[in-house]
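Here are some short exercises to work through with the model open in your viewer. Try each task before you read its solution.

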Amino acid sequence: MTKEQRLKKRHNAEKRFRFYGLASIFVALLFVIILVHNIFSKGSSAFMKTAINVEVFYDQELLEIQNGATENEILDADFYDVTIESLLKVYPAKDLDQENQLIDLFTTDAEIEIRRAFLENNNLIGKTLNVEITASDDIDQLHKGNYPRDLPEDRRRISDFQLVIYDTLVENKKIIKNFNYYFFKNGDSRDPELAGIGGALVGSFYSIIICLLLAFPVAVLASIYLEEFAPKNKITDFIEININNLAAVPSIVYGLLALQILLATIQLPRSTPLVAGITLALMTLPRIIIPCRASLKAVPPSIREGALAVGASKFQSVFHHVVPLALPGTLSGTIIGLAQALGETAPLILIGMVAFVVDIPSTPIDPSASLPVQVYLWSESAERGFVEKTSATIMMLLSFLIVMNFLAVYLRQKFEKRWN
C-alpha cells in the first residue's frame, strides 16, 4: 500500500468517525425531542381547567344568614341545599337518576366554590350570581378532547344523557376554560380535577433547603481539609477511596440507611421533609466534595506560595485566597448535586413520603410529598385526569432541573478564572 493510499484510508476513517459521531448526536436529540413532545402534549392541558357557568340564587331561607354576616357565620352556614338547587337548574331532569347524573357533571367541591363566591361579597342574600363551578374530571377530559365519546355507553363513564347536557352547555357557551390555579394551590386529592402539586412543591422546597444547609458546609470543610491540610497517608487515601465509592452508591441504599437510623433508631417523624432533607444530604455529600476538591486543585500553587511569601498563615492563604477562587466550581457542583437530589424518588419512598397527603405542610416536620414521588403516585392512578397531571408535574420538575443546571453553568462562566 502506497503512502497516498494510506493517507486516503486515514482520511476516510476520520470522515466515517465524524459521521458516526454526528449520527449519534442526531439520534440522541431525536429521542429527547420525542420524549419532551410526548410529555408536553399530554401535560400542557393540565394548566387549564374546565368550569361550568351556573346561576346561583342565595336563598335566605336555605342559608339562614343575613347580608353582612361575619366570616365565621358564613363558614358555619349550610350551602348544600343552595348548591343542589342551583345545579339542578342547569338542565331539566325527569327523575332522580337523571338528577344524580346532572350533579355528577360538577366537582365534589361545588358547595365550597359557591361558599367562596359568597365570602368574596357577603351582600348576596336574595340575589343571583353567576358562579364558575369546576367541572368533574370526566367532563374536563371530554372538553379537552381526551375522552373518547364515540364508544358505546356501557364502555364509558359518561352517559348519553350527560353528553346531551354537555352539548347543550357548549352550545349555550356555559362551559369555559380557566387557568387551573388548583394545580399549584391544592395538595393531593382523590378527585383529579382538584388534585395539585402545592404540597409536593412545598415538601420539595423544605427538603432541598435542609439538604443544602446540611451538605454544603460539611462538604466544603471536608474538601478543604482533605485537599489543603490533611497529610497524605494511607488513612486519607482510604477516605478518598470511600468518598469516590459513596458517590456511586445507588440512592436506594441511602433510603435504607435513613429507614434504619433516622426512623427506627432516632425515631424522627415519618414522611417529613426533615427526614427527606437529611437523607438527601447524606447522598449529596460526596457529589459536592468531589467537584469542590477538583476546584481547589485547579487553583495554581503560585497563589498559595504568593500568600505565604507576604506573611500570610496557612489558614489565611487557604481561606482568603484559594477558597474564593475555587468557589465557582464548588457552587456549580453543589447546584448540580442539589438538582440530582431534587429528582430522587427511591430513598423518599423508603422513608414514607409515598403516603397520601392532602394538606400542604407548614413546617419541615409536617407530613408531605415531593415532586418525583407525586409523579410516582399519580402514574399509578387509573383516572384519565391523572395522566395529564403526571405529565404536567414532570414538566415542572424538568423546568426546575433545567433552571438549576443553567444557573450552575452561569455561575461557573461568570466567576471562573482562567489561568495561563
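## Exercise 1: An exposed phenylalanine

F31 counts as exposed because its relative accessibility is 56%. Keep in mind that this is a predicted model.

**Task.** Find the helix that holds F31, and list the residues of the nonpolar surface patch it helps to make.

**Solution.**
- Step 1. Locate the residue: F31 sits in helix α1, which spans residues 3–43.
- Step 2. Check the exposure: the cut-off for exposed is over 50% relative accessible area, so F31 with 56% qualifies.
- Step 3. Collect the patch: F26, V27, L30, F31 and I34 together make a nonpolar surface patch of about 500 Å².

## Exercise 2: Two helices that cross

**Task.** Work out how the axes of α10 and α17 are arranged, and sort the contact residues by class.

**Solution.**
- Step 1. Take the axes: helix α10 (residues 198–229) and helix α17 (residues 371–379) come within 8 Å and cross at roughly 145°.
- Step 2. Name the contact residues: α10 supplies A200, L201 and S204, while α17 supplies L371, P372 and Q374.
- Step 3. Sort them: four are nonpolar, two are polar and none is charged.

## Exercise 3: Following P372 to I394

**Task.** Determine how far apart I394 and P372 are in sequence and in space, then decide whether I394 is buried, partly exposed or exposed.

**Solution.**
- Step 1. Place I394: this residue belongs to helix α18, residues 385–415.
- Step 2. Compare the separations: I394 and P372 are 22 residues apart in sequence, and their C-alpha atoms are 7.8 Å apart.
- Step 3. List the contacts: setting aside residues up to four places away in sequence, I394 touches I39 and V375.
- Step 4. Assign the exposure: I394 has 25% relative accessibility, so it counts as partly exposed.

## Exercise 4: A salt-bridge network and its neighbour

Side chains of opposite charge can pair when their charged atoms come close.

**Task.** Which residues are linked with D140 in a network of salt bridges, and which of its members does S45 contact?

**Solution.**
- Step 1. Start with one pair: D140 forms a salt bridge with K144, and the closest N and O atoms are 3.1 Å apart.
- Step 2. Extend the pair: D140, K144 and E388 are linked in a network of salt bridges.
- Step 3. Check burial: the cut-off is under 20% relative accessible area, so D140 is buried at 6%, and K144 is buried at 14%.
- Step 4. Add the neighbour: S45 lies in the loop between α1 and β1 (48–57). Apart from neighbours within four places in sequence, S45 contacts K144, N146 and E388.
- Step 5. Classify S45: its relative accessible area is 18%, so S45 is buried.

## Exercise 5: Two further salt bridges

**Task.** The structure holds 11 salt bridges. Describe the R293 and E240 pair and the D160 and R156 pair.

**Solution.**
- Step 1. Take R293 and E240: their side chains meet in a salt bridge at 2.9 Å, N to O. This pair links distant parts of the chain, with R293 in helix α13 (residues 273–298) and E240 in helix α11 (residues 234–247), 53 residues apart.
- Step 2. Note the burial: R293 is buried, since its relative accessible area is 11%.
- Step 3. Turn to D160 and R156: their side chains form a salt bridge at 2.6 Å, N to O.
- Step 4. Classify both partners: D160 is partly exposed at 35% relative accessible area, whereas R156 is buried at 13%.

Note on methods
Residues are numbered from 1 along each chain as its sequence is written. This is a predicted model: local features need pLDDT of at least 70, side-chain atom pairs count only at pLDDT 80 or more; totals for chains, interfaces and linings use all residues. Side-chain values use heavy atoms; hydrogens and water are left out. Axes are lines fitted to C-alpha atoms, for helices over the stretch in contact, and angles run from 0 to 180 degrees between N-to-C directions. Helices (H or I, at least four residues) and strands (E, at least two) are DSSP runs, numbered from the N terminus. Contact means heavy atoms within 4.5 Å. Ala, Val, Leu, Ile, Met, Phe, Trp, Tyr, Cys and Pro count as nonpolar, Asp, Glu, Lys and Arg as charged, and the others, Gly among them, as polar. Patches are made of residues with over 30% relative accessible area and no salt bridge: like charges are joined within 9 Å, nonpolar side chains (Val, Leu, Ile, Met, Phe, Trp, Tyr) within 5 Å. Accessible areas come from the Shrake-Rupley method with a 1.4 Å probe; for residues, only the protein chains shown count as cover. A salt bridge is a side-chain nitrogen of Lys or Arg within 4 Å of a carboxyl oxygen of Asp or Glu. Buried means under 20% relative accessible area, exposed over 50%, partly exposed in between (1.4 Å probe, protein chains only).
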